[in-house]
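Here are my notes on the model you sent, set out as numbered points. Please read them with the sequence and the coordinates open beside you.

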Amino acid sequence: MGSPDRKTLSFFLIFVPIYLYRALSQEAGPAVQRKPFFQRLHRLEEQFRSFQEVTLTHLQAIASNYNLSYNIDARFRSLTQESQAMALVVNQSQATMQSHLSHLKTWMRKTHHRSRKVDSRLLALSATLSERSQQRARERKEQEAQREALSSLALDMQALQDTLAHLVHVVQSQGARLDTLEGRMQVAGPGTIVTTWPPAQPEPPSPSSPKLQGTRQMLRALPEPRDSPQDFADHLQGTQEPPAPGSRQTGPAERAGKICSVGPALVFPNASTNNVVFLSPGFPLGLQALSVCSWVRTASGHLGTLLSYATEENDNKLVLHGRDSLAPGSIHFVIGDPAFRELPLQPLLDSRWHHVCVIWTSILGRYWLHVDRRLVAMGSHFREGYEIPPGGSLVLGQEQDTVGGGFDSSEAFVGSVAGLAIWDRALVPREVSHLATGKEFPPGAILTLANATSVGGFVQRVNYTCLELYP
């Protein structure tokens, strides 16, 4: 901006001497053409002053332009520094935003995955509830039919009682008449024949009468007494031993004060995603039957996840999970998500040792839950004909959202596990009872706590000599 002003100043500095020289030359001409010297000098002085003012004005303009350009350069440098700082802040903000977006995407994926799991479980639960409602409707119809049959049977029984009372009265009257006839025969003496004709007696209802036939049909239509759940389960899982002669059949005996020889134990002290135990090598072959038994003692108000088996295909191939259950103290027994059954385990919330056995077979989809040798739940048509695939990741104490990971502290197990073992077959009640009392360990276990190859976090591996069942 200073270059044009400098050119103007140079022009004026060159123009002034030339102008003065021409003026002096004109004064040196003929006397006729010259004006008075002082007038011309005065005029030159005025022109010089005017020129000086113009020059001063231009110089001031040049100085102001120079100061302005200097201020503009300083402002440009300041703006450059501010823009660089702003770019640095923007880059940092972009990096922070990218980090937050990546965390948000991860959280959204996990939330979407869990929402799909919840939706699938809700669908399975609604299907189960509809099935139960239909079953209850059928049971109500059967009960109504039974009530009608019982009322009809009561009427028939009342009619039979009336008939029997009438027959008793007839028999009594006939007995009195027989006594009278015997007295007459004794009075007549030997050789005397007394002929009497007894009055006509009403004949009893014949077996072919319509009333008795209807009664018999109603009795045949009534259902036979059903076995108790324990006897029925024994028929499904195995055979019961016949009672000895003279012995009485009683329920399960009370638990002893302690149980010994249960094997190693694991203590999960708190709810942390680091507290996890991996069992290796998992399931080497596909399972069409399964028995999971263990001594369990909880230290919190919910059960958490006892066991989780995940594959690349499905992260919930086999889960014993108590966090999302509808009723407190219950667990979701999941085989091939979304199929599950809800099992009651309320006794486990008293912070004491309890023996738990969960048994399943793909034959008719039967399953059983034993707690302290007692059968507390059973059912059928649960993953009928299904096979649990091999090659997955089997962990204790956490629920896997991915193979070997995706843990959540709210789903962690807090408590102790002792003597855990897994079989690839359905144990019978006698084996469950012997295992719970420490009499005999069933053969053929495919996994135990001895297969715990990785114990993470604050999980402790201990060896209890005996378990105090009533601490």
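1. Which cysteine forms a disulfide with C260, and how far apart are their sulfur atoms? The partner is C466, and the two sulfur atoms lie 1.8 Å apart in this model, which is a predicted one. The link of C260 and C466 is right-handed, with 95° about the S-S bond. Because C260 belongs to strand β1 (residues 258–260) and C466 to strand β17 (residues 466–468), the pair ties together parts of the chain that are 206 residues apart in sequence. Both ends are partly exposed, C260 with a relative accessible area of 31% and C466 with one of 24%.

2. The count of disulfides comes to two, and the other bond to discuss is the one between C293 and C357, whose sulfur atoms are 1.9 Å apart. The torsion about the S-S bond of C293 and C357 is about 120°, so this disulfide is right-handed. The pair links distant parts of the chain, with C293 in strand β4 and C357 in strand β9, 64 residues apart. C293 and C357 are both buried. With the bonded cysteines counted along the chain, the disulfides follow the pattern 1-4, 2-3.

3. C293 also appears in the lining of the largest cavity, together with residues that include V292, S294, V296, L306 and L420. The structure holds two cavities of 30 Å³ or more, and the volume of the largest is about 130 Å³. Strands β4 (289–298), β5 (305–310), β9 (354–361) and β13 (415–423) each supply at least two residues of this lining, and β4 gives the most, with four. By residue class, the lining of the largest cavity divides into eleven nonpolar residues, one polar residue and no charged ones.

4. Among the aromatic contacts, of which the structure holds seven pairs, W353 and Y464 have ring centres 6.0 Å apart and planes at 75°, so the pair is edge-to-face. This pair, too, links distant parts of the chain, since W353 sits in the loop between β8 (340–344) and β9 and Y464 in the loop between β16 (460–463) and β17, 111 residues apart. W353 is buried, with a relative accessible area of 2%, whereas Y464 is partly exposed, with a relative accessible area of 29%.

5. The rings of Y367 and F382 have their centres 5.8 Å apart and their planes at 80°, so they too make an edge-to-face pair. Y367 lies in strand β10 and F382 in the loop between β11 and β12 (393–396), 15 residues apart. Y367 and F382 are both buried, and ring pairs link them with F333 into a cluster.

6. Is D372, in the loop between β10 (366–371) and β11 (374–379), buried or exposed? D372 counts as buried because its relative accessibility is 9%, and the cut-off for that class is under 20%. The side chain of D372 makes a polar contact of 2.8 Å with the side chain of H354.

7. A last point concerns helix α5 (residues 429–437), whose buried residues are P429, E431, V432, H434, L435 and A436. Just after α5, G438 takes a positive phi of about 75°.

How values were computed
Residues numbered from 1 in each chain as written. Predicted model: local features only at pLDDT ≥ 70, side-chain atom pairs only at ≥ 80, totals over all residues. Heavy atoms only, no water. Buried < 20%, exposed > 50% of the residue type's maximum accessible area, 1.4 Å probe, protein only. 1 Å grid on protein atoms, 1.4 Å probe; cavity = no way out; pocket = protein on both sides within 12 Å on 5 of 7 lines; lining within 4 Å. Points joined across faces, edges and corners; volume = space filled by probe spheres on them. Nonpolar A, V, L, I, M, F, W, Y, C, P; charged D, E, K, R; others polar. Polar contact = N/O pair within 3.5 Å; in protein donor to acceptor, adjacent residues only side chain to side chain. Disulfide = S-S within 2.5 Å. Phe/Tyr/Trp six-rings, centres within 6.5 Å; stacked < 30°, edge-to-face > 60°.
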